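Trainee: Could we go through this structure together? I would like to learn how each label is earned.

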Amino acid sequence: MQKLYDGMKMRIEATTKLDRIPDYIRKQHKGFHEWDFITHKHDHQTILQILIDGRDTNDVDIEGNPLPTLVYLAREKRPQYHHHFKAGAMNALTRVSSRISNGPIILNVDCDMYSNNSKSIKYSLCIFMDEEKGDEIAYIQFPQKFNNLTKNDIYGSSFRVIQQLELAGLDANGGPMYIGTGCFHRREALCGKQYEKNYKVDWKKLNDTKANESASLLEETCKVLASCSFEHNTPWGKEMGLKYGILVEDIITGLSIKCRGWKSIWAEGHLQIFLSRYCSLVYGYKRIPLKLRLAYCPFNLWAANCLATLYYVVVPCPFLLKGFSLFPKISSPWVVPFVYVALVHRAYSLGEFLWCRGTFRGWCNDQRVWLFNRTTSYFFAFFQTILKLLGYSQLTFALTAKVSDENISKRYEQELIEFGATSPMFDILATLAMLNLFGSFGAIKMVILDADEDFKVLDQFGLQILLCLVLVTVNLLVYQALFFQKDNGKMPSSVTYKSIIFALLACTVAMY
């Protein structure tokens, strides 16, 4: 077994180093050979190969145990057809697997994640097969956990509070949302089946639904299920499978399953590993129980809540330079509600984070990432909408690489944020950072000039100045990437120049 593991490790390392499949491996599988005749990864036919046929008694491991069916699938992609990203891939896989193996339970795991405990399968099956409540469960969601986080989680990617408190708490309200990976699905529920009160699963019957055709015949007949045109005028992407038409297809899919009467379960510790659109895309939204609707509000209102965040990040600074106060005076009793809400909310958030075994710096990183995501993502979405209305081609997201080099890993261990490439998201982020930096300089100048007048400026603009200084503090790592970082992870020079020009232009307009 150790030799098998070492051999697999060597093949993976060789593939990573070459950044392609080695020739001797390509020759072993006809599926790889088909890629030789393809000029673009977004314009090709369906490529499907059954690598291991679980029905073949000769397909066994080194100990003689039968191996499960293993299938390679690259669905058809054509420029004239929208492929719907991950949701489209999942739906194609669901259809093809229903023809080949038709297993009643589907495990969905992202390509850069894995299960660190084989008992998670047994644990999930025990829930699905429970005689009293198992037939009510549509999916079992496991948490995402990461084994290479820095001490202070520089990217705020561990979702400590969400996973340990919020999603776990949803178990009392019909179960957690589907978060896109680490999830065991009931095939029938994922494919649009409505839950019925007297619904009972005949597991023996479900286990006797394998195809009788040969592997080569299955490969040919299943290709149509992964073609671009198969879903046309079908319920796929609407009432069947993962939902189309929104970036957060996982949350919408989970919510639509709940609309059909199913429940879900949050399972801790076994896997390693946005408002109007929600209401319009989810079938039967009004049928969701009020308690579950309220429980989903923090997530369903995420996009709407960004408007307040955008206001506090963009508006106070220009108005401060203009000399226009947006908040009550420090000496006024009306300042108390503002101070109370700000302090209590942040203190509560910090308490939750520390209770979930986080650090203070980790909480600061988490707040910074939360702020970055809201400001840049929704500014980006706003500009996308404007460009679309004006008839221009839309900006697009670039997929991130799954493999990082040694220098990137070293910077990550040093807790330096990786920018490195140009992106409209970085333009927005850097411009907002520079805007608040210039605003803070203007505020400091106002306070110094006002020192002889009993600090009237501090009394009138105290909260506004404090907000600008807080935003500058939050953006310290951005300033470091803009001006002080010298390695390849720094902010590109073009982003630096554009952000300074845009910020100066905004300040000039505000002052004059």
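Mentor: Gladly! Keep in mind that this is a predicted model. Let's begin with N91, which is placed in helix α4 (residues 85-100).

Trainee: Why is N91 called buried?

Mentor: Buried means under 20% relative accessible area. N91 has 0% relative accessibility, so N91 counts as buried.

Trainee: Which residues is N91 in contact with, leaving aside its neighbours within four places in sequence?

Mentor: They are E231, W236, G237, M240, G241, L242 and Y244. One of these, W236, also has a charge over its ring: the charged end of R95 sits 5.0 Å from the ring centre.

Trainee: What makes Y312 and F327 a stacked aromatic pair?

Mentor: Ring centres must lie within 6.5 Å to pair, and planes under 30 degrees apart count as stacked. For Y312 and F327 the values are 6.2 Å centre to centre and 5° between the planes, so the pair is stacked. Y312 is in helix α13 (residues 302-314), while F327 is in the loop between α14 (316-322) and α15 (335-355). Ring pairs also link Y311, Y312, F327 and F338 into a cluster.

Trainee: Are the partners Y312 and F327 buried or partly exposed?

Mentor: Y312 has 35% relative accessibility, which lies between the 20% and 50% cut-offs, so Y312 counts as partly exposed. F327 has 13%, which is under 20%, so F327 counts as buried.

Trainee: How do you know that residues 428-449 are helical?

Mentor: That span is 100% helix and 0% strand. UniProt, in an unreviewed entry, lists residues 428-449 among its "transmembrane region" features.

Terms used. Residues numbered from 1 in each chain as written. Predicted model: local features only at pLDDT ≥ 70, side-chain atom pairs only at ≥ 80, totals over all residues. Heavy atoms only, no water. UniProt positions renumbered as here; feature names shortened; annotations may be inferred. Helix = DSSP H or I, 4+ residues; strand = E, 2+ residues; numbered from the N terminus. Buried < 20%, exposed > 50% of the residue type's maximum accessible area, 1.4 Å probe, protein only. Contact = heavy atoms within 4.5 Å. Phe/Tyr/Trp six-rings, centres within 6.5 Å; stacked < 30°, edge-to-face > 60°. Lys NZ or Arg CZ within 6 Å of the ring centre and 35° of its normal.
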